[in-house]
Number of protein chains: 2
Amino acid sequence: MLEVNGIENGIVIDHMHAGNGLKVFNKLFADTENPVVLLMNVKSGVLGQKDIIKIENTFEVNLDLLGLIDPNITVNVIQNGKLVDKKKVEIPKVIKGGIACSNPRCITHTDDYAIPEFKLVGVNGRLKYECSYCEEITTYKL
Amino acid sequence: MLEVNGIENGIVIDHMHAGNGLKVFNKLFADTENPVVLLMNVKSGVLGQKDIIKIENTFEVNLDLLGLIDPNITVNVIQNGKLVDKKKVEIPKVIKGGIACSNPRCITHTDDYAIPEFKLVGVNGRLKYECSYCEEITTYKL
């Protein structure tokens, strides 16, 4: 069986639905220089199969982005081999950056300084976010 | 320390330069339903840092694509917990598919049945492959 031993210092991102681990990895950790492990499709009592990421020497993570990708995620913070904090994520009500406005003429696509803030305006199978610049609605599939 | 225990049946893709593991993972294993682990930036005596992929219940892997991404790769085949085969990869002299022709007007971009075969015509910092359809040279950075 594929198993990964614990980490001494870092975070464990757990309870991702199978497939979401790679999305999180590509979005948040593709450029890290710290040791990191992605486990995909491992057995889980609750989810059937799940993904897990363990990253060493990293304690900051964008919880809004995690909540956008998979609101079931839990984040365990490990220090000196001990669990010191456990965070739940949730669907972000407001998210700055992280997604692209679906309006191709929105200024945020051409102006590097215009980081759009998206406000959650609907949850109905898909999340609906309104752009702070152009007010276009961008949908995001859960 | 991050460590992953051995697998019973499957393959271990080892000795990837740090960063290449994610490329291999996205190209070859993004859609797998088998348990799989990507380790990135783990300590290595020879390479300093390296990436490793272990995938269960999978024995076939495109060695040409691996050789294209990182010719240092070794592939270990594990059956019933024992190493039964060890494969080295190399820069492919001919590769079918896997890369896209750099000529935007090449028929391979619009005809689903035209899978280009690329012939290695030069190795000089970058690999140079000639498309079997349009003879355009596509370069690929090692």
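**Entry 1: a pair of strands**

I started with strand E7 (residues 117-124) and strand E8 (residues 126-131) of chain A, which pair in the antiparallel sense over 6 bridges. A reminder to myself before going on: this is a predicted model.

I then looked up who faces whom. Gly122(A) stands opposite Lys128(A) in E8(A), and Phe118(A) has Cys131(A) in E8(A) as its bridge partner.

How many residues lie between E7(A) and E8(A) in their hairpin? I found 1 residue there, and Gly125(A) in the turn has a positive phi of about 80 degrees.

**Entry 2: the next strand along**

I moved on to E8(A) and E9(A), which also pair in the antiparallel sense, over 5 bridges. Here I noted Tyr129(A), whose bridge partner in E9(A) is Thr138(A). The hairpin of E8(A) and E9(A) has 5 residues between the strands, and Glu135(A) in that hairpin takes a positive phi near 65 degrees.

I also checked the two faces of E8(A). Leu127(A), Tyr129(A) and Cys131(A) make up the covered face, while Arg126(A), Lys128(A) and Glu130(A) sit on the uncovered one.

**Entry 3: the whole sheet**

Stepping back, I saw that 4 strands of chain A form an open sheet in the order E6-E7-E8-E9, with antiparallel pairing. Which strands are at the edges? They are strand E6 (94-96) and strand E9 (137-141) of chain A, and each pairs on one side only. From one strand to the next, the twist averages 35 degrees. My textbook reminder: strands of a sheet pair through backbone hydrogen bonds, either parallel or antiparallel.

**Entry 4: positive phi outside glycine**

Most residues other than glycine have a negative phi, so I looked up residues that break the habit. Asn57(A) has a phi near 60 degrees, a positive value. I located Asn57(A) in the loop between strand E3 (48-56) and helix H2 (63-69) of chain A. Is Asn57(A) buried or exposed? Its relative accessible area is 48%, so it counts as partly exposed.

His15(B) goes on the list as well, with a phi near 65 degrees. I found His15(B) in strand E1 of chain B. His15(B) is partly exposed too, with a relative accessible area of 28%.

**Entry 5: helix H1 in both chains**

In helix H1 (residues 20-29) of chain B, I listed the buried residues: Asn20(B), Gly21(B), Leu22(B), Val24(B), Phe25(B) and Phe29(B). What do they pack against? Within chain B I noted strand E1 (10-17), strand E2 (36-44), strand E3 (48-56) and helix H2 (63-69). From chain A, helix H1 (20-29) and strand E2 (36-44) join in.

For H1(A), the buried residues are Asn20(A), Gly21(A), Leu22(A), Val24(A), Phe25(A) and Phe29(A). Their cover includes strand E1 (10-17), E2, E3 and H2 of chain A, together with H1 and E2 of chain B.

**Entry 6: how the copies are related**

Next I compared the chains. A rotation of 180 degrees, with 0.0 Å of shift along its axis, superposes chain B on chain A with an RMSD of 0.0 Å. The two copies are therefore related as by a two-fold rotation axis. I also saw that 100% of the interface residues of chain B are interface residues in chain A, so the copies meet through the same surface.

**Entry 7: the nonpolar cores**

The largest nonpolar core has 38 residues. Which of them touch the most other members? They are Ile13(A), Val24(A), Ile53(A), Ile13(B), Val24(B) and Ile53(B). I followed one of these further: leaving out residues up to four places away in sequence, Ile53(A) touches residues including Ile11(A), Val12(A), Met16(A), Phe25(A), Phe29(A) and Leu38(A). Apart from the largest core lies another, of 14 residues, among them Ile7(A), Val42(A), Ile52(A) and Ile78(A).

**Entry 8: cysteines without bonds**

Last, I hunted for disulfides and counted 0 over all chains. Cys101(B) is in no disulfide, and the nearest cysteine sulfur, that of Cys134(B), is 3.5 Å away. For comparison, the cut-off for a disulfide is sulfur atoms within 2.5 Å. Cys101(B) is buried, with a relative accessible area of 4%.

Why is Cys131(B) not bonded to Cys106(B)? Cys106(B) holds the closest cysteine sulfur, but at 3.9 Å the sulfur of Cys131(B) is too far for a bond. Cys131(B) also counts as buried, at 1% relative accessibility.

Notes: Residues are numbered from 1 along each chain as its sequence is written. Chains are lettered from A and ligands numbered from 1 in the order in which they are written. This is a predicted model: local features need pLDDT of at least 70, side-chain atom pairs count only at pLDDT 80 or more; totals for chains, interfaces and linings use all residues. Side-chain values use heavy atoms; hydrogens and water are left out. Two strands pair if DSSP finds at least two bridges between them. Axes are lines fitted to C-alpha atoms, for helices over the stretch in contact, and angles run from 0 to 180 degrees between N-to-C directions. Buried means under 20% relative accessible area, exposed over 50%, partly exposed in between (1.4 Å probe, protein chains only). Contact means heavy atoms within 4.5 Å. Copies are superposed by least squares on the C-alpha atoms of residues with pLDDT of at least 70 in both. A nonpolar core is a set of buried Ala, Val, Leu, Ile, Met, Phe, Trp, Tyr and Cys residues joined through side-chain atoms within 4.5 Å.
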